[in-house]
Amino acid sequence: MSALAHYLPAEAINAKLIALIAAGAIFLGIFLSGFVIREPAPYDIYMVGLIAVWALFGLRISRAASPLLVLLIMFNVGGLIAMTQMADLMETPLYLAVSLFLAFTAIFYAAVLEARPDTYRLIFFAYVASAIVTSLLGIAGYFHAFPGADIFTRYDRAAGAFQDPNVFGPFLALPGIYLLYLLLTGPVSRMPLLAVPLLIIVGGIFFSFSRGAWGLFAVAAILLTGALFLQSLSGRFRLRIVVMTLAAMALLILAMIVIIQIPGVSDMLSNRAKLAQDYDSARLGRFARYAIGFQLALERPLGIGPLVFGKIYGEDTHDIWLKALMDYGWLGFVSYLTLTLWTVAAGFRLLLRDRPWQPYVLCAYVVYIGHIGLGTFIDTDHWRHFYLLLGLIWGGIALEYRYQRQARLQG
């Protein structure tokens, strides 16, 4: 190492050292996203510092990523306006501060990925590592594997290092989909190495008993295999996709047959598999509150303020669209809807293009599509991994814009 340093200029050594420190900092941030038992979580405190330091050393937001910045800022401005409609501010300033912080994490990830496309692989590796650890904690908690393991469960469901199983399950979707992608596209010799972590993560999703997480992973997996089938012109590869999909379904059925023999699992599964729970269809249940909320939005275009809906009706909106209307007003709702449509349209254009970052954007995109559907039945407003998904997709959008611009200049 000393001989190598003797021949390398100091600038090159410093640049390499800075790159290693930056990579380590990003890895730690992503890894911490899987541990949110308390708020503020270690991830929140760490990322505030990381974004601040990165901004001091030249974090640049390009023109291509600016719509993400503008729309997220407008969304939060809607929340500030809605706050003026409140007689009692309660914890609203802190809530909106977290909303703004999460918006900045999405912008941060997009900017970093545009500047350093190789960071995609690092982020996904860190995410998979975090998902494996928190999945093991959740599974251990569900089976009471050691004293005190109950801390990793909620309502007799695996929650990992999260406060809520309904967040824990969806958090695992992207690393699970990424491992599935590697399994479908990689060499056969690597399959056993990928199958073990994939089974751990899928186990975490299953034992969360989150209907949303089950549906999210299923939809994302179907979209992924469909995109891979369309992307390839090789008949052999398409046959492989079909065969492996059938094999995966057979293994899933076999695993389900084995798992439901475990005491307590069958009862929980039959209960959670119901399309509508009692709290959904009750007189003032989730579905009834939707109708009440949308009617209220017509009367209060500025919103009623963050967290107020839950105080009035006993439970929060459990719908991201209604949440936007109530907590962020029509300005927030239109901003969020515009961002969603823009992300879906611009991201779709990247799916079948041969780029180094395309596999990562593809995995993030299919999981994001699942989250859009999931947001209709649950509030995804403060899900940290949701903003990471936005950053991953918009990083790809910005890179594609730069790629196309350079191609025009060279042509």
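Colleague: In which loop does Trp383 lie?

Modeller: In this predicted model, the residue to place is Trp383, and its position is given by the two helices on either side of it, the second of which, H18, covers 384-410. Trp383 therefore belongs to the loop between H17 and H18.

Colleague: Is Trp383 buried or exposed, and what is its relative accessible area?

Modeller: A residue counts as buried when its relative accessible area is under 20%. Trp383 falls under that cut-off and is therefore buried, with a relative accessible area of 5%.

Colleague: Which residues is Trp383 in contact with, leaving aside its neighbours within four places in sequence?

Modeller: One indication of the surroundings of Trp383 is its relation to Phe168, which is 215 residues away in sequence, while the C-alpha atoms of the two are 9.8 Å apart in space. Once the neighbours within four places are set aside, the contacts of Trp383 are Asn166, Val167, Pro170, His371, Leu374 and Ile378.

Colleague: Which residue offers the backbone oxygen that the side chain of Trp383 reaches?

Modeller: The partner is found in the loop between H17 and H18, and that is also the loop in which Trp383 lies. The side chain of Trp383 comes to 3.3 Å from this backbone oxygen, which belongs to Asp379.

Colleague: Which side chain is joined to that of Asp379 by a polar contact?

Modeller: Asp379 is buried, with a relative accessible area of 17%. Leaving aside neighbours within four places in sequence, its contacts include Tyr95, Asp316, His318, Asp319 and Ile320. The polar contact between side chains has a length of 3.5 Å, and the partner of Asp379 in it is Lys323.

Colleague: What is the phi of His318, and where does this residue lie?

Modeller: His318, which is among the contacts of Asp379, is found in the loop between helix H15 (308-313) and helix H16 (320-348). With a relative accessible area of 22%, His318 is partly exposed. Its phi is positive although the residue is not a glycine, with a value near 55 degrees.

Colleague: Which loop holds Phe209, and what is its relative accessibility?

Modeller: Phe209 is a residue other than glycine with a positive phi, of about 50 degrees. It lies in the loop between helix H9 (191-207) and helix H10 (211-231). Phe209 counts as buried, its relative accessibility being 0%.

Colleague: How are H8 and H17 oriented to each other?

Modeller: Helix H8 spans residues 173-185 and helix H17 spans residues 358-374, and their axes are 9 Å apart at an angle of about 135 degrees. An angle over 145 degrees would count as roughly antiparallel and one of 65 to 115 as roughly perpendicular. The angle here fits neither class, and H8 and H17 are therefore oblique.

Colleague: How many residues of the contact of H8 with H17 are nonpolar?

Modeller: On the H8 side the contact is made by Ala173, Leu174, Ile177, Tyr178 and Tyr181, and these meet residues of H17 including Pro359, Tyr360, Leu362 and Cys363. No polar and no charged residues take part, and the number of nonpolar ones is 12.

Colleague: What is the handedness of the crossing of H2 with H6?

Modeller: The axes of helix H2 (residues 10-32) and helix H6 (residues 119-142) come within 8 Å and cross at roughly 35 degrees. Among the residues of H2 in this contact are Phe27, Ile30 and Phe31, while those of H6 include Leu122, Phe125 and Val133. The contact residues divide into 12 nonpolar, two polar and no charged. As for its handedness, the crossing is right-handed.

Colleague: How many polar residues are there in the contact of H6 with H9?

Modeller: H6 and H9 pack with their axes 8 Å apart at an angle of about 50 degrees, and their crossing is left-handed. Residues of H6 such as Ala131, Ile132 and Ser135 meet a group in H9 that includes Pro197, Gly203 and Gly204. The contact has nine nonpolar residues and no charged ones, and the number of polar residues is three.

Colleague: How far apart are the C-alpha atoms of Gly58 and Gly78?

Modeller: Gly58 lies in the loop between helix H3 (42-56) and helix H4 (66-83), and at 55% relative accessibility it counts as exposed. Gly78 is 20 residues from Gly58 along the chain, and the separation of their C-alpha atoms is 29 Å.

Definitions and conventions
Residues numbered from 1 in each chain as written. Predicted model: local features only at pLDDT ≥ 70, side-chain atom pairs only at ≥ 80, totals over all residues. Heavy atoms only, no water. Axes fitted to C-alpha atoms, helices over the stretch in contact; angles between N-to-C directions. Helix = DSSP H or I, 4+ residues; strand = E, 2+ residues; numbered from the N terminus. Parallel < 35°, antiparallel > 145°, perpendicular 65-115°, else oblique. Contact = heavy atoms within 4.5 Å. Nonpolar A, V, L, I, M, F, W, Y, C, P; charged D, E, K, R; others polar. Buried < 20%, exposed > 50% of the residue type's maximum accessible area, 1.4 Å probe, protein only. Polar contact = N/O pair within 3.5 Å; in protein donor to acceptor, adjacent residues only side chain to side chain. Left-handed = near helix turned anticlockwise from the far one by under 90°.
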